[in-house]
Amino acid sequence: MDHFHYSGGVLHAEDVPLPVIADQVGTPVYVYSRATLTRHARVFRDALSILPAARIAFAVKSNPNLAVLKVLAAEGYGADVVSVGELERALAAGMDPEAIVFSGVGKTAAEMTRALQAGCGQFNLESEEEGLELAEIARSLGKTASCALRVNPDVDAGTHGKISTGKAENKFGVPYDRAAAIYARLAQTEGLAMRGLALHIGSQLSKLDPLEAAFTKVGGLMKDIRAAGHAVTHMDLGGGVGVPYKAGDVFPQPEDYAAMVARVTADWDVTLMFEPGRVITGNTGVLVTRVVRVKEGVGNPWVVVDAAMNDLARPALYDAWHDFAAVEPSGETMTANIVGPICESSDTFAMAREIDAVQRGDLAVFRTAGAYGATMANTYNSRPLVPEVMVDGAKWAVVADRIDPATILAAERVPDFLA
Ligand SMILES: *Cc1c(COP(=O)(O)O)cnc(C)c1O
(Lines give C-alpha, C1' and ligand atoms only; values in the text may rest on other atoms or scores of the structure.)
Protein backbone atom coordinates (compact mmCIF):
# COMPACT_ATOMS: atom_id res chain seq x y z
CA MET A 1 0.00 0.00 0.00
CA ASP A 2 1.25 3.48 -0.78
CA HIS A 3 0.05 7.07 -0.91
CA PHE A 4 0.48 7.66 -4.65
CA HIS A 5 -3.03 7.91 -6.05
CA TYR A 6 -5.08 9.55 -8.78
CA SER A 7 -7.31 12.43 -7.86
CA GLY A 8 -9.21 14.34 -10.55
CA GLY A 9 -7.33 12.31 -13.17
CA VAL A 10 -3.91 13.45 -11.91
CA LEU A 11 -1.41 11.31 -10.02
CA HIS A 12 -0.68 12.73 -6.57
CA ALA A 13 1.91 11.97 -3.92
CA GLU A 14 -0.27 12.28 -0.81
CA ASP A 15 -1.97 15.68 -1.36
CA VAL A 16 0.48 17.04 -3.90
CA PRO A 17 -0.17 16.74 -7.65
CA LEU A 18 3.01 15.47 -9.29
CA PRO A 19 2.87 18.11 -12.09
CA VAL A 20 3.40 20.80 -9.43
CA ILE A 21 6.69 19.19 -8.39
CA ALA A 22 7.73 18.47 -11.98
CA ASP A 23 7.10 22.09 -12.99
CA GLN A 24 9.05 23.56 -10.09
CA VAL A 25 11.92 21.09 -9.77
CA GLY A 26 12.11 19.76 -13.31
CA THR A 27 12.40 16.13 -14.37
CA PRO A 28 13.59 13.50 -13.81
CA VAL A 29 12.98 13.69 -10.06
CA TYR A 30 12.44 11.14 -7.33
CA VAL A 31 9.40 11.80 -5.14
CA TYR A 32 9.06 10.10 -1.74
CA SER A 33 5.93 9.90 0.35
CA ARG A 34 6.60 10.36 4.03
CA ALA A 35 3.29 8.74 5.01
CA THR A 36 4.18 5.65 2.99
CA LEU A 37 7.63 5.48 4.53
CA THR A 38 6.26 5.78 8.06
CA ARG A 39 3.60 3.22 7.32
CA HIS A 40 6.07 0.65 6.02
CA ALA A 41 8.41 1.26 8.94
CA ARG A 42 5.57 0.68 11.40
CA VAL A 43 4.09 -2.35 9.66
CA PHE A 44 7.47 -4.09 9.69
CA ARG A 45 8.26 -3.09 13.26
CA ASP A 46 4.80 -4.08 14.51
CA ALA A 47 5.02 -7.45 12.74
CA LEU A 48 8.30 -8.17 14.55
CA SER A 49 6.79 -7.22 17.90
CA ILE A 50 5.69 -10.85 18.32
CA LEU A 51 9.37 -11.68 18.91
CA PRO A 52 10.74 -11.38 22.45
CA ALA A 53 13.71 -9.15 21.50
CA ALA A 54 14.06 -7.63 18.05
CA ARG A 55 16.16 -4.72 16.81
CA ILE A 56 15.92 -3.23 13.35
CA ALA A 57 18.84 -1.71 11.50
CA PHE A 58 17.63 -0.14 8.25
CA ALA A 59 19.87 -1.02 5.29
CA VAL A 60 21.02 2.50 4.46
CA LYS A 61 22.28 1.53 1.02
CA SER A 62 18.69 1.06 -0.19
CA ASN A 63 17.92 4.75 0.35
CA PRO A 64 20.51 6.87 2.17
CA ASN A 65 18.73 10.21 1.83
CA LEU A 66 19.09 12.17 5.07
CA ALA A 67 15.38 13.00 5.27
CA VAL A 68 14.51 9.31 4.85
CA LEU A 69 16.95 8.37 7.61
CA LYS A 70 15.46 11.07 9.89
CA VAL A 71 11.98 9.59 9.48
CA LEU A 72 13.28 6.10 10.26
CA ALA A 73 15.34 7.28 13.25
CA ALA A 74 12.14 8.79 14.67
CA GLU A 75 10.48 5.37 14.26
CA GLY A 76 13.19 3.79 16.41
CA TYR A 77 15.23 2.31 13.58
CA GLY A 78 18.98 1.85 13.74
CA ALA A 79 21.12 1.52 10.63
CA ASP A 80 23.00 -1.15 8.72
CA VAL A 81 25.89 0.63 6.98
CA VAL A 82 28.46 -0.63 4.52
CA SER A 83 30.84 2.32 4.34
CA VAL A 84 32.02 5.20 6.45
CA GLY A 85 29.94 7.48 4.21
CA GLU A 86 26.78 5.64 5.23
CA LEU A 87 27.95 5.67 8.85
CA GLU A 88 28.26 9.47 8.76
CA ARG A 89 24.77 9.73 7.27
CA ALA A 90 23.26 7.57 10.00
CA LEU A 91 24.98 9.66 12.66
CA ALA A 92 23.90 12.88 10.94
CA ALA A 93 20.30 11.61 11.03
CA GLY A 94 20.61 11.26 14.79
CA MET A 95 20.73 7.48 14.94
CA ASP A 96 22.12 6.00 18.14
CA PRO A 97 25.66 4.70 17.35
CA GLU A 98 24.87 1.66 19.49
CA ALA A 99 22.08 0.83 16.98
CA ILE A 100 24.45 0.96 13.99
CA VAL A 101 25.70 -2.27 12.41
CA PHE A 102 28.75 -2.04 10.15
CA SER A 103 28.50 -4.64 7.36
CA GLY A 104 30.52 -5.09 4.21
CA VAL A 105 33.28 -7.26 2.87
CA GLY A 106 35.92 -4.54 2.47
CA LYS A 107 35.97 -2.31 5.54
CA THR A 108 39.26 -0.42 5.49
CA ALA A 109 41.42 0.32 8.54
CA ALA A 110 40.38 3.97 8.32
CA GLU A 111 36.71 2.99 8.28
CA MET A 112 37.11 0.64 11.25
CA THR A 113 38.91 3.36 13.19
CA ARG A 114 36.20 5.92 12.56
CA ALA A 115 33.44 3.43 13.41
CA LEU A 116 35.13 2.45 16.67
CA GLN A 117 35.59 6.10 17.61
CA ALA A 118 31.93 6.79 16.84
CA GLY A 119 30.84 3.93 19.12
CA CYS A 120 29.37 1.70 16.40
CA GLY A 121 27.30 -1.03 18.09
CA GLN A 122 28.22 -4.06 16.01
CA PHE A 123 30.72 -5.02 13.34
CA ASN A 124 29.61 -7.85 11.09
CA LEU A 125 32.88 -9.56 10.28
CA GLU A 126 33.20 -11.09 6.86
CA SER A 127 36.45 -12.98 7.51
CA GLU A 128 38.93 -14.01 10.19
CA GLU A 129 41.49 -11.66 8.64
CA GLU A 130 39.11 -8.74 9.07
CA GLY A 131 38.47 -9.70 12.69
CA LEU A 132 42.18 -9.78 13.50
CA GLU A 133 42.73 -6.40 11.87
CA LEU A 134 39.76 -4.88 13.72
CA ALA A 135 41.05 -6.34 17.01
CA GLU A 136 44.43 -4.70 16.50
CA ILE A 137 42.85 -1.32 15.80
CA ALA A 138 40.49 -1.65 18.76
CA ARG A 139 43.38 -2.48 21.10
CA SER A 140 45.36 0.50 19.86
CA LEU A 141 42.37 2.73 20.68
CA GLY A 142 41.80 1.06 24.06
CA LYS A 143 38.39 -0.16 22.89
CA THR A 144 36.56 -3.44 22.42
CA ALA A 145 34.62 -4.07 19.20
CA SER A 146 31.28 -5.87 19.51
CA CYS A 147 31.12 -8.32 16.63
CA ALA A 148 29.03 -10.86 14.81
CA LEU A 149 30.55 -13.29 12.35
CA ARG A 150 28.82 -13.33 8.98
CA VAL A 151 28.25 -16.85 7.81
CA ASN A 152 27.68 -17.91 4.23
CA PRO A 153 25.02 -20.61 4.66
CA ASP A 154 25.25 -21.82 1.04
CA VAL A 155 21.54 -21.44 0.37
CA ASP A 156 20.12 -20.37 -2.97
CA ALA A 157 17.94 -17.31 -2.36
CA GLY A 158 16.13 -17.87 -5.67
CA THR A 159 16.60 -14.25 -6.68
CA HIS A 160 18.51 -12.54 -9.52
CA GLY A 161 22.12 -13.79 -9.62
CA LYS A 162 23.55 -10.31 -9.15
CA ILE A 163 21.73 -9.78 -5.85
CA SER A 164 22.23 -13.29 -4.50
CA THR A 165 24.72 -13.28 -1.61
CA GLY A 166 24.37 -16.53 0.32
CA LYS A 167 25.72 -19.18 -2.02
CA ALA A 168 29.17 -20.68 -1.44
CA GLU A 169 30.50 -19.04 -4.60
CA ASN A 170 29.48 -15.55 -3.43
CA LYS A 171 32.11 -13.34 -1.77
CA PHE A 172 30.13 -12.80 1.43
CA GLY A 173 30.73 -14.28 4.88
CA VAL A 174 32.86 -17.19 6.00
CA PRO A 175 32.17 -20.72 4.76
CA TYR A 176 29.61 -22.51 6.89
CA ASP A 177 31.96 -25.42 7.66
CA ARG A 178 34.73 -23.18 8.96
CA ALA A 179 32.56 -20.74 10.89
CA ALA A 180 32.64 -22.46 14.30
CA ALA A 181 36.44 -22.69 14.36
CA ILE A 182 36.83 -19.07 13.24
CA TYR A 183 34.31 -17.92 15.86
CA ALA A 184 36.23 -19.80 18.55
CA ARG A 185 39.52 -18.16 17.58
CA LEU A 186 38.03 -14.67 17.33
CA ALA A 187 36.26 -15.13 20.67
CA GLN A 188 39.69 -15.50 22.27
CA THR A 189 41.12 -12.44 20.55
CA GLU A 190 41.69 -9.45 22.77
CA GLY A 191 39.93 -6.34 21.44
CA LEU A 192 36.90 -8.22 20.17
CA ALA A 193 33.68 -9.17 21.95
CA MET A 194 32.09 -11.87 19.78
CA ARG A 195 28.37 -11.83 20.41
CA GLY A 196 26.75 -13.68 17.55
CA LEU A 197 26.33 -14.68 13.94
CA ALA A 198 24.99 -12.73 10.97
CA LEU A 199 23.68 -13.73 7.58
CA HIS A 200 22.10 -12.07 4.56
CA ILE A 201 21.43 -14.36 1.62
CA GLY A 202 20.26 -11.88 -0.99
CA SER A 203 17.79 -9.22 -1.95
CA GLN A 204 14.30 -9.12 -3.49
CA LEU A 205 13.37 -12.59 -2.20
CA SER A 206 9.90 -13.58 -3.34
CA LYS A 207 9.61 -16.61 -1.03
CA LEU A 208 10.30 -17.26 2.62
CA ASP A 209 11.59 -20.84 2.18
CA PRO A 210 15.23 -19.94 1.39
CA LEU A 211 15.29 -17.60 4.40
CA GLU A 212 13.85 -20.32 6.61
CA ALA A 213 16.42 -22.83 5.34
CA ALA A 214 19.25 -20.38 5.99
CA PHE A 215 18.02 -19.40 9.48
CA THR A 216 17.60 -23.05 10.42
CA LYS A 217 21.13 -23.85 9.24
CA VAL A 218 22.70 -20.95 11.09
CA GLY A 219 20.64 -21.77 14.18
CA GLY A 220 22.32 -25.19 14.20
CA LEU A 221 25.71 -23.51 13.97
CA MET A 222 24.79 -21.25 16.88
CA LYS A 223 24.11 -24.32 19.02
CA ASP A 224 27.45 -25.89 18.05
CA ILE A 225 29.27 -22.69 19.00
CA ARG A 226 27.52 -22.56 22.36
CA ALA A 227 28.26 -26.24 22.96
CA ALA A 228 31.94 -25.38 22.47
CA GLY A 229 31.62 -22.93 25.36
CA HIS A 230 31.21 -19.59 23.59
CA ALA A 231 28.51 -17.03 24.21
CA VAL A 232 26.00 -16.18 21.49
CA THR A 233 23.64 -13.41 22.55
CA HIS A 234 22.77 -11.80 19.21
CA MET A 235 21.71 -13.26 15.87
CA ASP A 236 21.50 -10.92 12.88
CA LEU A 237 19.12 -12.31 10.25
CA GLY A 238 19.86 -9.68 7.59
CA GLY A 239 17.37 -8.30 5.09
CA GLY A 240 16.16 -9.51 1.74
CA VAL A 241 12.36 -9.52 1.97
CA GLY A 242 11.14 -8.59 -1.51
CA VAL A 243 8.41 -6.27 -2.73
CA PRO A 244 6.03 -6.59 -5.69
CA TYR A 245 7.19 -4.46 -8.60
CA LYS A 246 4.37 -5.55 -10.91
CA ALA A 247 0.79 -4.72 -10.05
CA GLY A 248 -0.85 -7.99 -9.05
CA ASP A 249 2.29 -9.83 -7.90
CA VAL A 250 1.90 -11.42 -4.48
CA PHE A 251 4.75 -11.34 -1.96
CA PRO A 252 5.17 -12.58 1.62
CA GLN A 253 3.81 -10.07 4.10
CA PRO A 254 5.83 -8.86 7.11
CA GLU A 255 3.48 -10.85 9.39
CA ASP A 256 4.27 -14.06 7.47
CA TYR A 257 7.97 -13.31 7.75
CA ALA A 258 7.71 -12.60 11.49
CA ALA A 259 5.70 -15.77 12.08
CA MET A 260 8.34 -17.84 10.27
CA VAL A 261 11.13 -16.21 12.28
CA ALA A 262 9.24 -16.79 15.53
CA ARG A 263 8.84 -20.48 14.69
CA VAL A 264 12.47 -21.04 13.67
CA THR A 265 14.01 -19.06 16.53
CA ALA A 266 11.63 -20.10 19.35
CA ASP A 267 14.39 -21.70 21.46
CA TRP A 268 17.30 -19.46 20.49
CA ASP A 269 17.24 -17.13 23.50
CA VAL A 270 18.98 -14.23 21.74
CA THR A 271 18.39 -10.65 20.67
CA LEU A 272 17.36 -10.90 17.02
CA MET A 273 18.56 -8.25 14.61
CA PHE A 274 17.10 -7.40 11.20
CA GLU A 275 18.47 -5.37 8.31
CA PRO A 276 15.53 -4.59 6.00
CA GLY A 277 16.04 -2.19 3.12
CA ARG A 278 13.78 -2.57 0.12
CA VAL A 279 10.71 -3.69 2.08
CA ILE A 280 10.81 -0.37 3.95
CA THR A 281 11.66 2.04 1.14
CA GLY A 282 10.70 0.38 -2.16
CA ASN A 283 7.12 1.57 -2.32
CA THR A 284 7.83 4.96 -0.79
CA GLY A 285 9.12 6.50 -4.01
CA VAL A 286 8.40 7.06 -7.68
CA LEU A 287 10.68 8.43 -10.36
CA VAL A 288 8.88 11.19 -12.25
CA THR A 289 9.94 11.59 -15.85
CA ARG A 290 8.82 13.49 -18.94
CA VAL A 291 8.42 11.99 -22.39
CA VAL A 292 10.99 13.62 -24.70
CA ARG A 293 9.42 12.19 -27.83
CA VAL A 294 7.90 9.07 -29.26
CA LYS A 295 10.06 7.63 -32.03
CA GLU A 296 8.72 5.29 -34.65
CA GLY A 297 10.25 1.81 -34.58
CA VAL A 298 10.44 -1.23 -36.83
CA GLY A 299 8.09 -2.90 -34.41
CA ASN A 300 6.77 -1.06 -31.38
CA PRO A 301 7.25 2.69 -30.99
CA TRP A 302 10.08 3.89 -28.72
CA VAL A 303 8.91 6.08 -25.89
CA VAL A 304 12.03 8.13 -25.11
CA VAL A 305 11.82 9.56 -21.58
CA ASP A 306 14.14 12.04 -19.86
CA ALA A 307 15.05 9.56 -17.10
CA ALA A 308 17.78 7.08 -17.92
CA MET A 309 19.82 4.22 -16.54
CA ASN A 310 22.02 6.69 -14.69
CA ASP A 311 18.97 7.82 -12.68
CA LEU A 312 17.41 4.36 -12.18
CA ALA A 313 19.90 1.59 -12.79
CA ARG A 314 17.89 -1.46 -11.76
CA PRO A 315 16.47 -2.40 -15.16
CA ALA A 316 19.92 -2.15 -16.78
CA LEU A 317 21.68 -3.92 -13.90
CA TYR A 318 19.21 -6.64 -12.95
CA ASP A 319 16.65 -6.77 -15.78
CA ALA A 320 14.30 -5.33 -13.17
CA TRP A 321 10.70 -4.39 -13.83
CA HIS A 322 9.19 -1.05 -12.78
CA ASP A 323 5.54 -0.33 -13.52
CA PHE A 324 5.16 2.74 -15.75
CA ALA A 325 2.13 5.00 -15.50
CA ALA A 326 1.08 8.31 -17.02
CA VAL A 327 0.60 11.13 -14.51
CA GLU A 328 -2.52 12.25 -16.41
CA PRO A 329 -3.70 9.12 -18.23
CA SER A 330 -6.12 9.53 -21.12
CA GLY A 331 -7.60 6.07 -20.69
CA GLU A 332 -6.01 4.91 -23.97
CA THR A 333 -3.16 2.41 -23.99
CA MET A 334 -0.31 1.63 -26.37
CA THR A 335 2.32 -1.09 -26.72
CA ALA A 336 5.76 0.43 -26.65
CA ASN A 337 9.41 0.16 -25.69
CA ILE A 338 10.45 2.63 -23.01
CA VAL A 339 14.02 3.92 -23.17
CA GLY A 340 16.18 6.73 -21.85
CA PRO A 341 18.51 9.04 -23.80
CA ILE A 342 21.81 7.33 -22.84
CA CYS A 343 24.03 5.89 -25.54
CA GLU A 344 23.76 2.26 -24.42
CA SER A 345 21.20 -0.31 -25.44
CA SER A 346 21.01 -1.29 -21.76
CA ASP A 347 19.30 2.07 -21.19
CA THR A 348 15.97 0.32 -21.61
CA PHE A 349 13.18 0.34 -19.03
CA ALA A 350 10.70 -1.89 -20.83
CA MET A 351 10.21 -3.71 -24.13
CA ALA A 352 6.90 -4.44 -25.82
CA ARG A 353 5.01 -3.28 -22.73
CA GLU A 354 1.35 -2.28 -22.73
CA ILE A 355 1.31 1.14 -21.08
CA ASP A 356 -0.83 4.24 -20.74
CA ALA A 357 -0.72 6.02 -24.09
CA VAL A 358 1.77 8.90 -23.85
CA GLN A 359 3.09 11.53 -26.18
CA ARG A 360 5.77 14.20 -26.25
CA GLY A 361 5.74 16.36 -23.13
CA ASP A 362 3.63 14.02 -21.00
CA LEU A 363 4.64 13.23 -17.44
CA ALA A 364 4.89 9.65 -16.26
CA VAL A 365 6.30 7.70 -13.32
CA PHE A 366 8.29 4.57 -12.72
CA ARG A 367 6.75 3.11 -9.60
CA THR A 368 8.37 1.37 -6.62
CA ALA A 369 11.55 3.37 -7.11
CA GLY A 370 12.24 4.26 -3.47
CA ALA A 371 14.84 1.53 -2.95
CA TYR A 372 18.06 1.21 -4.97
CA GLY A 373 16.94 4.17 -7.08
CA ALA A 374 18.52 7.56 -6.36
CA THR A 375 21.19 5.82 -4.26
CA MET A 376 22.62 4.21 -7.39
CA ALA A 377 22.35 7.30 -9.57
CA ASN A 378 25.44 8.59 -11.33
CA THR A 379 26.31 11.21 -13.92
CA TYR A 380 27.08 8.99 -16.93
CA ASN A 381 26.81 10.84 -20.25
CA SER A 382 27.46 14.02 -18.18
CA ARG A 383 23.87 14.06 -17.07
CA PRO A 384 22.91 15.86 -13.85
CA LEU A 385 22.64 13.89 -10.62
CA VAL A 386 18.91 13.34 -10.13
CA PRO A 387 17.19 15.36 -7.35
CA GLU A 388 14.91 13.99 -4.62
CA VAL A 389 11.73 15.43 -3.12
CA MET A 390 9.80 14.39 -0.01
CA VAL A 391 6.07 14.97 0.32
CA ASP A 392 4.29 15.15 3.68
CA GLY A 393 0.55 15.68 3.29
CA ALA A 394 0.16 18.93 1.36
CA LYS A 395 3.76 19.99 2.07
CA TRP A 396 6.78 19.09 0.01
CA ALA A 397 10.46 19.91 -0.10
CA VAL A 398 13.54 19.18 -2.16
CA VAL A 399 15.60 16.78 -0.01
CA ALA A 400 18.49 16.41 -2.46
CA ASP A 401 19.42 19.00 -5.07
CA ARG A 402 19.93 18.30 -8.72
CA ILE A 403 23.72 18.43 -9.14
CA ASP A 404 24.29 19.96 -12.53
CA PRO A 405 27.12 19.11 -14.93
CA ALA A 406 28.74 22.52 -14.34
CA THR A 407 29.22 21.70 -10.64
CA ILE A 408 30.75 18.37 -11.54
CA LEU A 409 32.95 19.97 -14.19
CA ALA A 410 34.17 22.48 -11.59
CA ALA A 411 35.74 19.61 -9.63
CA GLU A 412 37.87 18.60 -12.61
CA ARG A 413 41.32 20.03 -13.35
CA VAL A 414 43.47 20.37 -16.43
CA PRO A 415 47.02 19.51 -15.22
CA ASP A 416 49.97 21.82 -15.84
CA PHE A 417 51.50 19.38 -18.32
CA LEU A 418 48.55 19.93 -20.62
CA ALA A 419 48.50 23.71 -20.28
C1 LIG B 1 21.72 -5.00 1.00
C2 LIG B 1 21.78 -5.58 2.36
C3 LIG B 1 20.65 -5.58 3.16
C4 LIG B 1 19.29 -5.09 2.70
O5 LIG B 1 18.76 -5.87 1.69
P6 LIG B 1 17.23 -5.64 1.23
O7 LIG B 1 17.04 -6.66 0.21
O8 LIG B 1 17.13 -4.27 0.72
O9 LIG B 1 16.38 -5.86 2.43
C10 LIG B 1 20.77 -6.07 4.46
N11 LIG B 1 21.97 -6.54 4.93
C12 LIG B 1 23.08 -6.55 4.18
C13 LIG B 1 24.34 -7.06 4.75
C14 LIG B 1 23.02 -6.08 2.87
O15 LIG B 1 24.12 -6.10 2.12
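**Figure 1. The ligand in its pocket.** The ligand takes up the space of the largest pocket in this predicted model. Around the ligand stand 15 residues, and those that come nearest are K61, S203, E275, R278 and Y372. Sorted by class, this shell is made up of seven polar, five charged and three nonpolar residues.

**Figure 2. Polar contacts of the ligand.** Here we zoom in on ligand oxygen atoms and their protein partners. At Y372, an N or O atom of the side chain lies 2.6 Å from an oxygen atom of the ligand. Y372 is also one of the residues that come nearest to the ligand. Two glycines take part through their backbones: a polar backbone atom of G240 is 2.9 Å from a ligand oxygen atom, and a polar backbone atom of G277 is 3.0 Å from a ligand oxygen atom. On its own the ligand would expose 390 Å², of which the protein buries 93%.

**Figure 3. Two cysteines without a bond.** If you are looking for disulfides, the structure holds zero. This view shows C120 and C147. The sulfur of C120 has its closest cysteine sulfur in C147, at 9.2 Å, which is too far for a bond. Seen from the other side, the closest cysteine sulfur to that of C147 is in C120, so C147 is too far from this partner for a bond as well. A disulfide would need the two sulfur atoms to be within 2.5 Å.

**Figure 4. Surroundings of the cysteines.** Are C120 and C147 buried or exposed? C120 counts as buried, with 9% relative accessibility. C147 is buried too, and its relative accessible area is 0%.

Terms used. Residues are numbered from 1 along each chain as its sequence is written. This is a predicted model: local features need pLDDT of at least 70, side-chain atom pairs count only at pLDDT 80 or more; totals for chains, interfaces and linings use all residues. Side-chain values use heavy atoms; hydrogens and water are left out. A residue is near a molecule or strand if one of its heavy atoms lies within 4 Å of it. A polar contact is a pair of N or O atoms within 3.5 Å; within protein, one must be able to donate a hydrogen and the other to accept it, and residues adjacent in sequence count only if both atoms are side-chain atoms. Accessible areas come from the Shrake-Rupley method with a 1.4 Å probe; for residues, only the protein chains shown count as cover. On a 1 Å grid over the protein atoms alone, a cavity is a set of points where a 1.4 Å probe fits but cannot get out, and a pocket is an open set with protein on both sides within 12 Å along at least five of seven lines; lining residues have an atom within 4 Å of a point. A molecule sits in a cavity or pocket if more than half of its atoms lie within 2 Å of its grid points. Ala, Val, Leu, Ile, Met, Phe, Trp, Tyr, Cys and Pro count as nonpolar, Asp, Glu, Lys and Arg as charged, and the others, Gly among them, as polar. Buried means under 20% relative accessible area, exposed over 50%, partly exposed in between (1.4 Å probe, protein chains only).
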